[in-house]
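Biologist: Please show me the structure, and let us then discuss how each label in its description is justified.

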Amino acid sequence: NAFRESIYLTSVVIPNSVTYIGEWAFFSTGLTSIKIPDGVTTLEESIFNGCDNLSSVSLPNNLITIGYKAFYRCKILKSINIPNGVTSIGEMAFAECMNLTSIIIPNGVKSIGEMAFWDCRSLTSVTIPNSVTSIGANAFDGEDDNFPNIKTIISLVENPFEIYGKSSYKTKSNGKVEYLRV
């Protein structure tokens with residue numbers, strides 16, 4: 001809650017010595033850009049939730065976890081580079097990022113939380129890396145039948161994984177494997 005609802009806060013310099021930034025730290029601030037230092041390994045719950053003016057984010061190479069609602073409703077955020085070390089994208093992490101057009105989920109991500117990219121209306125394609133073992137319910141869904149605009153989901157997953165808590169494949173009586181839709 002350090003800067004929570006500080007609507008006139010448009011920039012902040014976080015020293016490299018910082019290793020932890022708490023939940024809701026920048027909730028609904030006026031931030032336009034931010035660089036997170038390399039010592040931070042987790043983006044806590046709602047850290048940038050409601051930052052309507054946030055357009056540029058530089059994430060640390062050592063990042064492991066993107067928490068629950070970390071970027072929820074960052075409405076003008078168009079793209080973000082998720083570092084290779086990230087293993088978990090939390091529930092609703094990027095939900096309602098209306099202008100998010102580009103997202104690269106790096107190989108190494110094991111879980112994509114429920115509603116992680118929910119209602120990202122400008123997102124048109126997603127590539128799911130082979131490392132993913134779990135995708136939460138409605139991860140790429142939207143508010144209604146018109147959203148999101150995702151036309152292509154490319155799965156590089158070679159091994160079965162969990163979708164909505166169910167296995168991603170089933171074996172038919174003829175021995176063929178059928179994969180469930182994401």
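Modeller: We may begin with the cysteines: the sulfur of Cys-51 lies 5.2 Å from the closest cysteine sulfur, that of Cys-74, which is too far for a bond. This is a predicted model, in which local features need pLDDT of at least 70 and side-chain atom pairs count only at pLDDT 80 or more, while totals for chains, interfaces and linings use all residues. Residues are numbered from 1 along each chain as its sequence is written, and side-chain values use heavy atoms, with hydrogens and water left out.

Biologist: Why is the sulfur of Cys-51 too far from that of Cys-74 for a bond?

Modeller: A disulfide is a pair of cysteine sulfur atoms within 2.5 Å. The separation from Cys-51 to Cys-74 is 5.2 Å, so the pair does not qualify. Cys-120 is likewise in no disulfide, the nearest cysteine sulfur being that of Cys-97 at 5.2 Å. By this rule the count of disulfides is 0.

Biologist: Are Cys-51 and Cys-120 buried or exposed, and what makes them so?

Modeller: Buried means under 20% relative accessible area, exposed over 50%, and partly exposed in between (1.4 Å probe, protein chains only). Cys-51 has a relative accessible area of 0% and is therefore buried. Cys-120 also has a value of 0%, so Cys-120 is buried. Of the 182 residues of the chain, 42% count as buried.

Biologist: How many helices and strands does the chain have, and by what rule?

Modeller: Helices (H or I, at least four residues) and strands (E, at least two) are DSSP runs, numbered from the N terminus. The chain has 0 helices and 15 strands.

Biologist: What makes a group of residues a nonpolar core?

Modeller: A nonpolar core is a set of buried Ala, Val, Leu, Ile, Met, Phe, Trp, Tyr and Cys residues joined through side-chain atoms within 4.5 Å. The largest such core holds 46 residues, and Phe-48, Phe-71, Phe-94 and Phe-117 touch the most other members. A second, separate core of 5 residues includes Tyr-72, Ala-95, Met-115 and Trp-118.

Biologist: Why is Phe-117 called buried, and where is its place in the chain?

Modeller: The relative accessibility of Phe-117 is 1%, so this residue counts as buried. Its place is in the loop between strand E8 (111–112) and strand E9 (125–128). Contact means heavy atoms within 4.5 Å. Leaving aside neighbours within four places in sequence, Phe-117 is in contact with ten residues' worth of surroundings that include Ile-89, Phe-94, Leu-100, Ala-139 and Phe-140. The C-alpha atoms of Phe-117 and Leu-100 are separated by 9.3 Å, and the two residues are 17 apart along the chain.Biologist: How do you know that Arg-73 and Glu-96 meet in a salt bridge?

Modeller: A salt bridge is a side-chain nitrogen of Lys or Arg within 4 Å of a carboxyl oxygen of Asp or Glu. For Arg-73 and Glu-96 the N to O distance is 2.9 Å, so the pair satisfies the rule. The pair links distant parts of the chain, 23 residues apart: Arg-73 is in the loop between strand E4 (65–66) and strand E5 (79–81), and Glu-96 is in the loop between strand E6 (88–89) and strand E7 (102–104). Arg-73 has 34% relative accessibility and so counts as partly exposed, whereas Glu-96, at 11%, counts as buried.

Biologist: How many salt bridges does this rule give, and which other pairs belong to the count?

Modeller: The count comes to 3. Arg-4 and Glu-5 meet at 3.9 Å, N to O, and therefore fall within the limit. In the pair of Arg-121 and Asp-119, the closest N and O atoms are 3.3 Å apart. Arg-4 is partly exposed because its relative accessibility is 36%. Arg-121 is partly exposed at 26%, while Asp-119 is buried at 2%.

Biologist: Why does Lys-69 have no salt bridge?

Modeller: Lys and Arg count as positive and Asp and Glu as negative; His and the chain ends are not counted. The nearest side chain of opposite charge to the buried Lys-69 is that of Glu-45, 7.1 Å away, so the salt-bridge rule is not met. Lys-69 lies in the loop between E4 and E5. Beyond its neighbours within four places in sequence, the contacts of Lys-69 include Ser-46, Asn-49, Glu-91 and Met-92.

Biologist: What makes Phe-27 count as buried, and which residues does it touch?

Modeller: Phe-27 has 13% relative accessibility and therefore counts as buried. Phe-27 is found in the segment before strand E1 (33–35). Not counting residues up to four places away in sequence, Phe-27 touches Phe-3, Arg-4, Glu-5, Ser-46, Ile-47 and Asn-49. Phe-27 and Gly-50 are 23 residues apart in sequence and 5.9 Å apart in space, C-alpha to C-alpha.
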